[in-house]
Amino acid sequence: MENYQKSQTPDQKQSQNHFQRTMKTRHLVMLSLGGVIGTGLFFNTGYIISEAGPAGTVLAYLIGALVVYLVMLCLGELAVSMPETGAFHTYASRYISPATGYTVAWLYWLTWTVALGSSFTGAAMCMRHWFPGIEDWIWCLFFCCVIFTLNIITTRFFAESEFWFSLIKVLTIIIFIVAGTATIFGFIPMKDGSSAPFFTNLTSSGWFPNGIIPIIMTMVAVNFSFSGTELIGIAAGETVNPEKTIPLAIKTTIIRLIIFFIGTVIVLSALLPMNQAGVIESPFVQVFDNIGLPYAADILNFVILTAILSAANSGLYASGRMLWSLSNQGILPSYFTKLSKNGVPIIALSISMIGGLFALFTSFVAPNTVFVALNAISGFAVVAVWLSICASHFFFRRDYIRSGKPLTALKYKAPFYPYVPILGAIMCLIACIGLAFDPEQRIALYCGIPFVIACYIAYQITHNYKKSKEKTNADD
């Protein structure tokens, strides 16, 4: 950490110092939950049930929760030791290679920028339920303005808005789990008058009706559902008292994710037969319809709208900070580091919003080509970023031990080193390999691997150009 600080230019140090540490533990926890509880949980779960079966889906999410836990332990040690905005790509640059850090940054920026476009499209579809006569593009533009405004006022204002967005989703998930559990045991009757299902649907088609392979195939989809937990690392540089706030946020986030995700998946799997699950309709809608709760469609539509806007809110925050961080390291032009008087990287946010609008445009013009490819890269990118976090932690701790410093000096220490980062990295690799077995998701490899290669090539070109320019200036 000391060597890194010495290598920074005065301008970079000044730029970092202008970020305001205004996020508290409740903001950090809800920011992470807000990024996670979104379209992945509300829509992807139906696809996973249809592929892996109900019991297989529960197992897949348990494995996904383990992967998240391992990654967050690694990220916790890194973020507390080096609380920086745009964190994990700087860790990859320092402890793996500068080219890897560059690639990780662009992968993560692309993940959230593409998510912006799909989120605005989804929000417009939600509004269509209530206002069918208004064109989708009008709602898309409206929500673009809302999300951009929430991000550019102040970091504290953004965090506060995300807190309430996420709180709505969390309360709804709790209500869903309670109502679903009551239905499972017959306290709330089924709409068609059938008897209480208990847990018969979990194994009605067999424990693993299609074998173990579908569980491996759907691991990227599961991991993508959990994506957003790593936002704690992105926000580390703007967090009050990070050595206390970050560990607490990680601990509470993991506990809540396990309760919300595993609890929700068990309820969904128990109430939704495998032959009814899919991607055409949200499994939440199907379950609410089966239960027959009054105003279920309107309630759920509002919750999904909130979930989508919350994910877009977190996504713009993350992508803007990643551009700022790239600029802060001298990889992008310095004007990306410029902050508003309220300490917000307004130029980086604006460029990220333009990228989101481009992704939105492709969803209308080429929904089955460009947009599908970008979304495939997004899923691949999340797992690749997690893999880089595990690898960065492995090399960070190794270098720390070699330096002769006592482990007691670490304010937060991930347990069971080196097994935690190694196991986390292996499980991320298995998830990527699983993509090759699924024809519907294989495009993630076809698009993701060339994109990674292109990033490494782009880094070498820009790095060599920068060195050549510096040499020319020195000669002059």
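This report walks through the fold, cores, salt bridges and surface of a predicted model.

## Overall makeup

The chain is a helix-only affair as far as regular elements go: 20 helices and zero strands. Of its 476 residues, 57% count as buried. The accessible surface adds up to about 19,800 Å², and carbon and sulfur atoms own 68% of that.

The contacts lean heavily towards long range. Taking contacts in the chain with a separation of 6 or more, 81% are between residues 24 or more positions apart.

## The nonpolar cores

The largest nonpolar core has 82 residues, and the members that touch the most other members are Y61, F88, W106, F226, W386 and I389. Helix α5 gives the most to this core, with 15 residues. There is also a second, separate core of 40 residues, which includes A123, C126, F284 and L349.

W106 is a good place to look at who meets whom. Leaving aside residues up to four places away in sequence, W106 touches L323, L326, L332, F451 and C455.

## Two threonines inside helices

T103 sits in helix α7, which covers residues 98-130. With a relative accessible area of 3%, T103 falls under the 20% cut-off and is therefore buried. Not counting residues up to four places away in sequence, T103 touches V452, C455 and Y456. C455 turns up in the contact list of W106 too.

T264 belongs to helix α14, residues 242-271. Its relative accessibility is 0%, so T264 counts as buried. If you want a pair to check in your viewer, try T264 and I174: 90 residues apart in sequence, yet their C-alpha atoms are 8.6 Å apart in space.

## Salt bridges

Side chains of opposite charge can pair when their charged atoms come close. The structure holds two salt bridges. One of them joins R397 and E77, with the closest N and O atoms 2.7 Å apart. This pair links distant parts of the chain: R397 is in helix α18 (residues 370-402), E77 is in helix α5 (residues 54-81), and the two are 320 residues apart. Both ends are tucked away from solvent probes: R397 counts as buried at 4% relative accessibility, and E77 is buried with a relative accessible area of 0%.

The other bridge is between the side chains of R398 and D399, at 3.6 Å from N to O. Are the partners here buried or partly exposed? R398 has a relative accessible area of 29%, which makes it partly exposed, and D399 counts as partly exposed at 31%.

## A nonpolar patch on the surface

Out on the surface there is a nonpolar patch of about 730 Å², made by W130, F131, I134, W137, I138, L141, I168 and F302. Which helix gives the most to the patch? That would be helix α8 (residues 136-152), with three residues.

I168, one of the patch members, lies in helix α9, residues 155-184. I168 counts as partly exposed because its relative accessibility is 30%, in between the cut-offs of 20% for buried and 50% for exposed.

Technical notes: Residues numbered from 1 in each chain as written. Predicted model: local features only at pLDDT ≥ 70, side-chain atom pairs only at ≥ 80, totals over all residues. Heavy atoms only, no water. Helix = DSSP H or I, 4+ residues; strand = E, 2+ residues; numbered from the N terminus. Buried < 20%, exposed > 50% of the residue type's maximum accessible area, 1.4 Å probe, protein only. Contact = heavy atoms within 4.5 Å. Patch = residues over 30% accessible without salt bridge, like charges linked within 9 Å, V, L, I, M, F, W, Y side chains within 5 Å. Areas by Shrake-Rupley, 256 points an atom, 1.4 Å probe, with all protein chains shown as cover. Salt bridge = Lys/Arg side-chain N within 4 Å of Asp/Glu carboxyl O. Core = buried A, V, L, I, M, F, W, Y, C linked by side-chain atoms within 4.5 Å.
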